[in-house]
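Subject: A structure for you to look at

Hi there,

Here is the structure I promised to pass on, with some notes on what turned up in it. Have a look at it first, then read on below.

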Amino acid sequence: MEDRKLTVRAVERALDILMCFTKSSELGLTEIASQIHLHKSTVHRLMATLEEKGFVSRDAATEKYRLGLKIWELSTHLSRSDDPAALLLPAMERLRDRLGETVSLYLRDGKDRLRIQAVQSNQAIRRVAQVGARLPLYVGASSKVLVAFAPEEERQELFQDPDWPDMPDFDGYLRMLEEIRGRGYATSFEEREPGAAAVAVPIVNRSGVVAAALSVSGPVSRISTDTLHEFAPVLKEAAHEMGLMI
């Protein structure tokens, strides 16, 4: 039984190491050990195994690590017919061409939202959305959508979590979520990121479940609050089309 526990712990630690690379593409042993709160000797042994299996590679000159080709090999199998990031990409590109701004697709992952797909604006000045970015669930248009349309039980779990921020006007926040459910979309104006504005809607799949949040974002120099509300009906139409595909 003890060996089984140790094996699970080792796997958890190895996965924690790989998740460190969501914040930086290149890390040293000391940086990794600090992030996951493990001794360097333990991290070194785990890194040696990950390197041998091809999940990380080490630069001999800098002695820093990067993700290995095995990660890329695994990621190629994500583009299946039931993968929303691949399936919805053409519709996202059409939406980008219609509105001229960056389009992003988000899933809720625990207490965060994860950007699983993005189509960048073709304009010279644009908001660049990085695929794979993990963002807090309590701020931003897409976060509001994912919380507002989550089942009541899941919302309460989020609010009761000790990591959920202590909002000065929580009642006002709840009223805002109710308004978002009523009108079917959320907006943000320099809320999470200075100089950026966004509008987001839920994507409801064929089973009637909110599967993701679809957003359009861009610089405030080009997008006003009025523009966000003008984009909303177009976004809803696109989200409806996408929902029929998943």
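**The largest cavity**

Let me start inside: 18 residues line the largest cavity, and Arg113, Arg127, Ser188, Arg192 and Ala198 are the ones nearest its centre. Please keep in mind throughout that this is a predicted model. The cavity holds about 160 Å³ of space, and the structure has one cavity of 30 Å³ or more.

Which elements supply at least two residues each to the lining of the largest cavity? They are helix 7 (141-148), strand 6 (186-189), strand 7 (196-204) and strand 8. Strand 7 gives the largest share, with three residues. By type, the lining of this cavity splits into seven nonpolar, five polar and six charged residues.

**The second largest pocket**

The second largest pocket contains about 180 Å³ of space. Its lining is made up of Leu107, Arg108, Leu146, Phe149, Ala150, Pro151, Glu154, Val209, Val210, Ala211 and Ala212. Nine of the lining residues are nonpolar and two are charged, with no polar ones.

At least two residues of this lining come from strand 3 (102-109), and at least two from strand 8 (210-219). The largest share belongs to strand 8, which provides three residues. Strand 8 also supplies at least two residues to the lining of the largest cavity, so you will meet that strand at both sites.

**The protein as a whole**

For a wider view, the protein has 10 helices and eight strands. Its C-alpha atoms fill a box of roughly 55 × 40 × 35 Å along the principal axes. Of the 246 residues, 41% count as buried. The exposed surface comes to about 14,000 Å², and carbon and sulfur atoms supply 52% of it. Among contacts with a separation of 6 or more, 55% are between residues 24 or more positions apart.

**Helix 2 and what follows**

In helix 2 (residues 29-36), the buried residues include Leu29, Ile32, Ala33 and Ile36. Why do they lie on the same side of helix 2? They cover an arc of only 100° around the axis, and this puts them on one side. The general background is that an α-helix has 3.6 residues a turn, so residues three or four places apart point the same way.

Just after helix 2 comes His37, in the loop between helix 2 and helix 3. His37 is not a glycine, yet its phi is positive, at about 60°. Is His37 buried or exposed? Its relative accessibility is 70%, so His37 counts as exposed.

**Glu63 and Glu51**

Glu63 is another residue other than glycine with a positive phi, near 60°. Glu63 sits in the loop between strand 1 (56-58) and strand 2 (65-67). With a relative accessible area of 53%, Glu63 is exposed.

Glu51 belongs to helix 3 (residues 40-52). At 31% relative accessibility, Glu51 counts as partly exposed. Leaving aside residues up to four places away in sequence, Glu51 touches Val56, Arg58 and Tyr65. Glu51 and Leu67 are 16 residues apart in sequence, and their C-alpha atoms are 9.1 Å apart in space.

Happy browsing, and best wishes!

Conventions: Residues are numbered from 1 along each chain as its sequence is written. This is a predicted model: local features need pLDDT of at least 70, side-chain atom pairs count only at pLDDT 80 or more; totals for chains, interfaces and linings use all residues. Side-chain values use heavy atoms; hydrogens and water are left out. On a 1 Å grid over the protein atoms alone, a cavity is a set of points where a 1.4 Å probe fits but cannot get out, and a pocket is an open set with protein on both sides within 12 Å along at least five of seven lines; lining residues have an atom within 4 Å of a point. Grid points are joined across faces, edges and corners, and a volume is the space filled by probe spheres set on the points. Helices (H or I, at least four residues) and strands (E, at least two) are DSSP runs, numbered from the N terminus. Ala, Val, Leu, Ile, Met, Phe, Trp, Tyr, Cys and Pro count as nonpolar, Asp, Glu, Lys and Arg as charged, and the others, Gly among them, as polar. Buried means under 20% relative accessible area, exposed over 50%, partly exposed in between (1.4 Å probe, protein chains only). Contact means heavy atoms within 4.5 Å. Accessible areas come from the Shrake-Rupley method with a 1.4 Å probe; for residues, only the protein chains shown count as cover. The arc is that of the directions from the helix axis to the C-beta atoms.
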